[in-house]
Structures are given as C-alpha cells and as structure tokens.
Amino acid sequence: MELRFPTDVERTHEYQLLEALVGEEKAARYFLRLWVHLGYSAPTTGNVGFMPEETAPLLAKSLGVQAEDLVKVLLGSKWLVVGQGGWNCLRFGMLNTHLKPGFKTQHSKGGHGKAFHSRQRQIRGEVAMQSLLMPADMFRRRDGQALTPEEIQRVMLLVRSLDNALGRVQQRLNHEYTEGMIADAYDLQADLTDDQLNQLVMLVFNHRDHPAMPKTAEQLLPEAKILSEKL
C-alpha cells in the first residue's frame with residue numbers, strides 16, 4: 001500500500017495545532033497512526049479519508065488513549081471533520097485518491113479532462129453574453145452594495161466554473177443565482193487571485209468524487225475558502 005504524505009507536514013496548520021494540543025513528541029505518533037489507520041480503512045469503507053465511528057477505539061488503543069479524547073484532539077487540530085457516521089480527513093483524501101476502489105489513472109481520466117477544459121472555454125463566452133441579459137441590481141455584495149459589471153462577470157464565471165468542475169454541464173438559469181450564492185462567490189473572488197481561483201476550480205475537479213466534497217456550487221461556495229487555504 002502506497003501512502004502519500006503532505007509536503008513538509010510539520011508546517012501544515014493541522015500539524016501545528018496538533019503539536020499545541022498534545023506536544024511535539026506525541027504529535028508525530030498521532031499523525032502517523034492516523035495516516036496508516038486511514039490507509040488500511042480505505043479499501044473497506046470505499047471512502048478515502050473516512051474514519052467510521054466504530055474504528056475510533058482501535059486507533060485510540062494503538063495510542064494508549066480513550067477514543068473520546070482522541071477524537072476531540074483530531075477534531076480540534078482540524079485533521080478530522082465531522083461526517084455521516086464518522087469523520088473525514090480531507091487532506092488524506094485529496095492526497096490519496098489512488099486508494100479509492102476503481103481508481104482511474106491520469107491517462108484514463110484524460111478524456112474527462114479534455115471535456116472539462118473545452119467546457120471552460122465555452123463557459124467564458126456564455127457568461128459574457130448571459131451577464132448582459134440579467135438585471136444588474138440582483139448582483140449585490142453582502143452589505144447590499146451593487147456589483148460592477150466586471151465583478152458580475154467574475155462572480156458568474158466562478159459559479160459556472162465550479163458547476164463545471166462538479167460535473168454540471170447544463171447552463172445555470174437566471175433564477176438559480178441566489179442572493180446568498182452571489183454574496184459567497186463575491187467574497188471568495190475578492191479574497192483570491194485569478195491563479196488561486198483557477199487552482200481551486202482544478203482542485204474541485206480532481207476531487208469531485210471524494211465523499212467530503214460538496215456536490216453543488218451552492219453547497220461548495222460557503223466552504224470554498226477552507227479548501228483554498230490548502231492550495
């Protein structure tokens with residue numbers, strides 16, 4: 001079994017939080033035990049990075065701690081987030097997609113990649129046209145201030161790009177741009193550069209089958225800032 005580890009794991013935000021909670025010496029043991037545990041769990045659960053509730057005592061026993069205390073530490077250090085029936089380690093899932101049953105190589109996914117990029121080019125033209133046909137006053141920031149024409153196009157392009165990355169091929173209709181979505185998209189594009197936004201869209205595309213990845217742009221946008229911090 002090949003496990004892929006974060007580059008300079010000691011410098012990651014999660015590892016530094018873990019050190020603060022359990023100390024430098026124990027942090028390495030906690031991290032390595034968690035990583036190996038998730039690796040062996042992947043073929044059984046079918047969800048890479050997912051730790052079912054019933055397996056927490058096994059990991060805790062290997063570390064000589066109580067399961068409840070262990071989970072509290074791993075949640076507090078952001079290595080785990082709450083999922084349905086257990087917990088997800090997003091970083092493990094993103095780095096170890098090859099452990100997923102039925103994993104396809106980059107070569108076999110090439111056709112999907114070509115379709116995605118072709119669709120991205122098409123979306124740019126659609127957004128430029130659609131933005132001219134939509135009421136400008138429906139596009140507002142969270143504080144109520146109207147967006148400029150350039151900001152409207154950036155917001156629409158971000159939403160449509162996330163749609164594409166998540167596998168949605170049909171054009172988003174005017175009424176599907178809700179106030180909350182527009183505000184979330186505006187905040188995100190204001191915080192990130194164009195390169196960072198492109199990296200985020202590719203991250204979503206490459207990991208859209210991960211169980212922890214939201215399935216729609218509406219669900220993804222409120223959490224996208226967290227994902228962008230891992231770029």
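The largest nonpolar core of this predicted model holds 34 residues. Phe139, Leu162, Tyr177, Leu188, Val204, Leu221 and Leu227 have the most contacts inside this core. Two or more residues each come from helices H6 (110-132), H7, H8 (179-191), H9 (194-206), H10 (217-220) and H11 (224-228). H7 gives the largest share, seven residues.

**Cores**
- A second core lies apart from the largest one and has 28 residues.
- Val9, Leu74, Leu80 and Phe92 are among the residues of that second core.
- Back in the largest core, Val204 is one of the residues with the most contacts.
- Leaving out residues up to four places away in sequence, Val204 touches Leu162, Ala165, Leu166, Met213, Leu220 and Leu227.

**Helix H7**
- H7 covers residues 149-165, 17 residues in total.
- At 1.5 Å a residue H7 should span 24 Å, and the end C-alpha atoms are 24 Å apart, so the two values agree.
- Buried residues of H7 include Ile152, Val155, Met156, Leu158 and Val159.
- Arg160, Ser161, Leu162, Asp163, Asn164 and Ala165 of H7 are buried as well.
- Leu162 is thus named three times over: buried in H7, among the residues with the most contacts in the largest core, and touched by Val204.

**After H7**
- Gly167 sits just after H7 and takes a positive phi of about 100 degrees.
- Val169 lies in the loop between H7 and H8.
- Val169 counts as exposed because its relative accessibility is 57%, where the cut-off is over 50%.
- Val169 and Gln145 are 24 residues apart along the chain, and their C-alpha atoms are separated by 31 Å.

Technical notes: Residues numbered from 1 in each chain as written. Predicted model: local features only at pLDDT ≥ 70, side-chain atom pairs only at ≥ 80, totals over all residues. Heavy atoms only, no water. Helix = DSSP H or I, 4+ residues; strand = E, 2+ residues; numbered from the N terminus. Expected span 1.5 Å × (residues − 1). Buried < 20%, exposed > 50% of the residue type's maximum accessible area, 1.4 Å probe, protein only. Core = buried A, V, L, I, M, F, W, Y, C linked by side-chain atoms within 4.5 Å. Contact = heavy atoms within 4.5 Å.
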